[in-house]
Amino acid sequence: MRIMQCWDDGDVDDIRLVEILKKHGAKATFNICPGANGESERIKAHDFGGKYDVYRLSLDEMPQVYTGFCIGGHTM
């Protein structure tokens with residue numbers, strides 16, 4: 001059986017997700033939103049009432065994080 005995985009938005013949580021995928025030899029596509037990520041700084045994307053904040057990876061981080069995975073455009 002084959003399963004296709006697609007993950008969206010380039011969140012900092014993808015760092016841990018990529019580690020898990022690599023550990024299990026799984027493949028995935030990460031879809032990035034044009035203009036949603038800072039060049040060299042992480043950008044806060046969501047605030048869940050102070051309980052959990054979601055940050056986007058910086059563009060500078062992405063090549064190292066996503067090495068070995070497919071990258072797609074989220075909305076374009």
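Here is a conversation between a reader and an author about how some descriptions of this predicted model are reached.

Reader: What makes up the protein chain, in helices and strands?

Author: The protein chain has two helices and five strands. Along the sequence they come in the order β-α-β-β-β-α-β.

Reader: Why is the protein chain called as compact as a globular protein of that length?

Author: We set its radius of gyration against a rule. The radius is 13 Å, and the globule rule gives 11 Å for 76 residues; the two are close, so the chain counts as compact in that sense. The C-alpha atoms fill a box of roughly 40 × 25 × 20 Å along the principal axes.

Reader: What share of the residues counts as buried?

Author: Of the 76 residues, 29% count as buried. As for the accessible surface of the chain, it comes to about 5,500 Å², and 55% of that belongs to carbon and sulfur atoms.

Reader: Why is Phe-30 called buried?

Author: Its relative accessible area is 1%. Buried means under 20%, so Phe-30 qualifies.

Reader: And what makes Phe-69 count as buried?

Author: The reasoning runs along the same path. Phe-69 has 13% relative accessibility, which is also under 20%, so Phe-69 counts as buried. Tyr-66 is buried too, as is Phe-30.

Reader: Which residues make up the largest nonpolar core?

Author: There are eleven: Leu-17, Val-18, Leu-21, Ala-28, Phe-30, Ile-32, Leu-57, Met-62, Val-65, Tyr-66 and Phe-69. The elements α1 (14-23), β2 (29-32) and α2 (62-65) each supply at least two of them. The most come from α1, which gives three residues.

Reader: Why might nonpolar side chains be found together?

Author: In soluble globular proteins, nonpolar side chains tend to be buried together.

Reader: How many aromatic pairs does a search of the whole structure find?

Author: The search finds two.

Reader: Why is the pair of Phe-30 and Tyr-66 called tilted?

Author: Two values settle this. The ring centres are 4.6 Å apart, and a pair needs centres within 6.5 Å, so the rings do pair. The planes stand at 35 degrees; under 30 would be stacked and over 60 edge-to-face, so this pair is tilted. Phe-30 lies in strand β2 and Tyr-66 in the loop between α2 and β5 (70-73), 36 residues apart.

Reader: What makes the pair of Phe-30 and Phe-69 edge-to-face?

Author: The angle between the planes is 90 degrees, with 5.6 Å from centre to centre. Over 60 degrees counts as edge-to-face, so the name fits. This pair also links distant parts of the chain, with Phe-30 in β2 and Phe-69 in the loop between α2 and β5, 39 residues apart. Together, Phe-30, Tyr-66 and Phe-69 form one aromatic cluster.

Reader: What does Tyr-66 touch, leaving out residues up to four places away in sequence?

Author: Tyr-66 touches Gly-10, Asp-11, Asp-14, Val-18, Phe-30, Ile-32, Leu-57 and Ile-71.

Reader: Is Asn-37 buried or exposed?

Author: Asn-37 is buried: its relative accessibility is 9%, and the cut-off is under 20%. You can find Asn-37 in the loop between β2 and β3 (43-47).

Reader: Which backbone oxygen does the side chain of Asn-37 reach?

Author: The side chain reaches the backbone oxygen of Leu-57, at 2.8 Å. Leaving aside neighbours within four places in sequence, Asn-37 is in contact with residues including Asp-9, Gly-10, Ile-32, Arg-56 and Met-62.

Key. Residues are numbered from 1 along each chain as its sequence is written. This is a predicted model: local features need pLDDT of at least 70, side-chain atom pairs count only at pLDDT 80 or more; totals for chains, interfaces and linings use all residues. Side-chain values use heavy atoms; hydrogens and water are left out. A nonpolar core is a set of buried Ala, Val, Leu, Ile, Met, Phe, Trp, Tyr and Cys residues joined through side-chain atoms within 4.5 Å. Buried means under 20% relative accessible area, exposed over 50%, partly exposed in between (1.4 Å probe, protein chains only). Helices (H or I, at least four residues) and strands (E, at least two) are DSSP runs, numbered from the N terminus. Contact means heavy atoms within 4.5 Å. A polar contact is a pair of N or O atoms within 3.5 Å; within protein, one must be able to donate a hydrogen and the other to accept it, and residues adjacent in sequence count only if both atoms are side-chain atoms. The radius of gyration is taken over C-alpha atoms; the globule rule is 2.2 Å times the number of residues to the power 0.38. Accessible areas come from the Shrake-Rupley method with a 1.4 Å probe; for residues, only the protein chains shown count as cover. Rings of Phe, Tyr and Trp (its six-membered ring) pair if their centres lie within 6.5 Å; planes under 30 degrees apart count as stacked, over 60 as edge-to-face and the rest as tilted.
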